[in-house]
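Here are my notes for a first look at this model. Keep the structure open as you read, and take the points in order.

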Amino acid sequence: MSGRGAFIGCIADDFTGATDIASTLVRAGMKTVQSIGIPEADDPMIADAEAIVVALKSRTIAAGDAVEQSLAALDFLRAAGCRQIVFKYCSTFDSTEHGNIGPVAEALARALDQQVTIAAPSFPANGRTVYNGHLFVGHALLNESGMQNHPLTPMKDANLVRVLQAQSKGTVGLIDFPTVLKGAEHVRAAIEQAQAEGTTLLVVDAISEADLKVIGQACHDHTLITGGSGIALGLPENFRTNNELSGADAAVLPVVAGKDVVLAGSGSLRTNLQVARWIEAKRPAYRIDVMKLAAGEPVVEEAIAFFDAHTDQTVLIYATSPADELRQVQAAIGAQKAGEMVEHALGLIARSLRDRGVRRFVVAGGETSGAVVQSLDVKGLRIGAPIAPGVPATVSTGDMSLALALKSGNFGEADFFEKALRALSGDQS
Ligand SMILES: Nc1ncnc2c1ncn2[C@@H]1O[C@H](COP(=O)(O)OP(=O)(O)OP(=O)(O)O)[C@@H](O)[C@H]1O
Ligand SMILES: O=C(O)[C@@H](O)C(=O)CO
């Protein structure tokens, strides 16, 4: 490892979550790279990075595998010199009763010998706030926000202390909002007290970016922090205070020429809205019929033929469907199997379109983005300016430059696809 090494190392449990936290770090002035999976120790992409985000696809795999991959990412980040590790998960706490947030957080804490670790998923810019340990999405409790219908991680309880406790071996506690409001010293004191009482994981209330900065300040010497991308808002400042950051413009990217496409595999409410908006505008869209896919019909070939028939326009290829239709498909095929089939199909389609000259991809859905970038053989991303909160423009590292906007399911306004296509084409209007 050359040079001084990076300052912050993040382990993200899905791909769009990784770009989300990378975007936050870039906005806060840190030169950030994102690797797809764990890179080689001497990968040139990390040479002068101030923050490194390792994107795993570990959110919905078996807990043991998620722990193993996260510990391997930790080894890499420590070898790269990272002094502070952030385990990034979803701001809607996407997980099941078996994990993977609790098991991974506990394994990382053990490896880093940290007695008590905070869990702060709040992301106010996207309406995710935590109050009295309860997660809200906009005005709705998590379990009434649409997330209760998530295809892989249905969130049926908004009480994060309870949710995290169910998937953890240690004791989960809460740092409440009045404590956060009193400032970093009070948060530190509360953390110390909880530690003395034997608590190992602490959900922390936060309803504004100012709260997250307070928490970041309070945890300046924690080697492990866990949360959503919002928790990264306050961390770069700890290094800036010590004059350790280069101060270079972290967000400038080259423009990538070529054709473009939108691929949507997210089942989220917001992506449904974005797909509906595209179709209302009478823009070309091909719907992947999952039952046909399951029956072995040539759905991938049809999607590619649809693209070929619309060479003068950008097409959307989507599996996104409303919750009731999704449930029917899942009941017939099984949620896991249906998800894997759709991801595989979208991966094949992406690769085939790349071979047809597509260089700019807008992708909706975390799991979907993971499948697409893996299929495109993308190993790393340079992170640029935000298109929407939590969604930066990115350009792949390596020999073939691809421009990618990887969008978490529930991010972006109704016109996000158009906006992202414009941003990737270099049009900043
Ligand atoms: N019509 C469908 N029927 C069954 N499964 C589907 C369908 N459409 C998408 N899926 C699957 O649902 C899952 C959606 O997960 P993904 O992470 O891509 O989106 P999301 O959960 O909305 O976004 P995020 O995780 O970023 O919030 C994927 O595994 C995808 O393949
Ligand atoms: O934290 C979020 O909301 C996103 O980055 C994400 O991970 C959604 O899947």
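1. Start with ligand 2. Its shell has 14 residues, and Gly17, Asp20, Cys90, Ser91 and Ser408 are the closest of them. Please remember throughout that this is a predicted model. If you want an element to look at here, take helix H1 (residues 15-27): with three residues, H1 gives the most to the shell around ligand 2. Sorted by class, that shell has nine polar residues, three charged and two nonpolar.

2. Where does ligand 2 lie with respect to domain 1 (8-240) and domain 2 (259-424)? Both domains give residues to its shell, so ligand 2 lies between them.

3. On to ligand 1, which has 28 residues around it. The ones that come nearest are Ser266, Gly339, Gly365, Gly366 and Gly409. Three elements give two or more residues to this shell: helix H12 (323-333), helix H13 (335-355) and helix H14 (366-375). H13 has the largest share, with four residues.

4. What classes of residue make up the shell around ligand 1? The split is 17 polar, eight nonpolar and three charged. As for the domains, at least three residues of this shell come from domain 1 (8-240), and at least three from domain 2 (259-424).

5. Now the domains themselves. The domain assignment of the protein chain gives domain 1 as 8-240 and domain 2 as 259-424. Taken over C-alpha atoms, their centres are 26 Å apart. Across the boundary, 26 residues of domain 1 are in contact with 30 residues of domain 2. On the domain 1 side, the elements giving two or more residues are H1 and strand E2 (32-36). H1 gives the most there, with nine residues. So you meet H1 twice in these notes: at this boundary and in the shell around ligand 2. By class, the domain 1 side has twelve polar, ten nonpolar and four charged residues.

6. Back to the helices that turned up around ligand 1, beginning with H13 and H14. Their axes come within 8 Å and cross at roughly 40°. The two helices are therefore oblique to each other, and their crossing is right-handed. On the H13 side, the contact is made by Gly339, Glu343, His344, Leu346, Gly347, Leu348, Ala350 and Arg351. H14 brings Glu367, Thr368, Ala371, Val372, Gln374 and Ser375. In classes, this contact has six polar, five nonpolar and three charged residues. Do look at Gly339: it takes part in this contact and is also among the residues that come nearest to ligand 1.

7. H13 also packs against H12. Here the angle is about 105° and the axes are 7 Å apart. That makes H12 roughly perpendicular to H13. Val329, Gln330 and Ile333 of H12 make the contact with Ala335, Lys337 and Ala338 of H13. Four of these residues are nonpolar, one is polar and one is charged.

8. Another helix pair to look at is helix H2 (residues 63-79) with H3. They pack at an angle of about 40°, with their axes 9 Å apart, and the crossing is right-handed. From H2 come Ala63, Ala66, Val67, Ser70, Leu71 and Leu74. From H3 come Pro103, Val104, Ala107, Leu108 and Ala111. Which classes are found in this contact? Ten residues are nonpolar, one is polar and none is charged.

9. Two backbone details should be checked by eye. Most residues other than glycine have a negative phi, and most peptide bonds are trans. In this model, the peptide bond from glycine 99 to asparagine 100 is cis, with omega near 10°. Asparagine 100 lies in the loop between strand E4 (84-88) and helix H3 (101-111).

10. The other detail is aspartate 113. Its phi is positive, near 60°, and this is a residue other than glycine. Where do you find aspartate 113? Look in the loop between H3 and strand E5 (117-120).

Note on methods. Residues numbered from 1 in each chain as written. Chains lettered and ligands numbered in written order. Predicted model: local features only at pLDDT ≥ 70, side-chain atom pairs only at ≥ 80, totals over all residues. Near = placed C-beta within 6 Å. Nonpolar A, V, L, I, M, F, W, Y, C, P; charged D, E, K, R; others polar. Domains from an automatic or database assignment. Contact = placed C-beta atoms within 7 Å. Axes fitted to C-alpha atoms, helices over the stretch in contact; angles between N-to-C directions. Parallel < 35°, antiparallel > 145°, perpendicular 65-115°, else oblique. Left-handed = near helix turned anticlockwise from the far one by under 90°.
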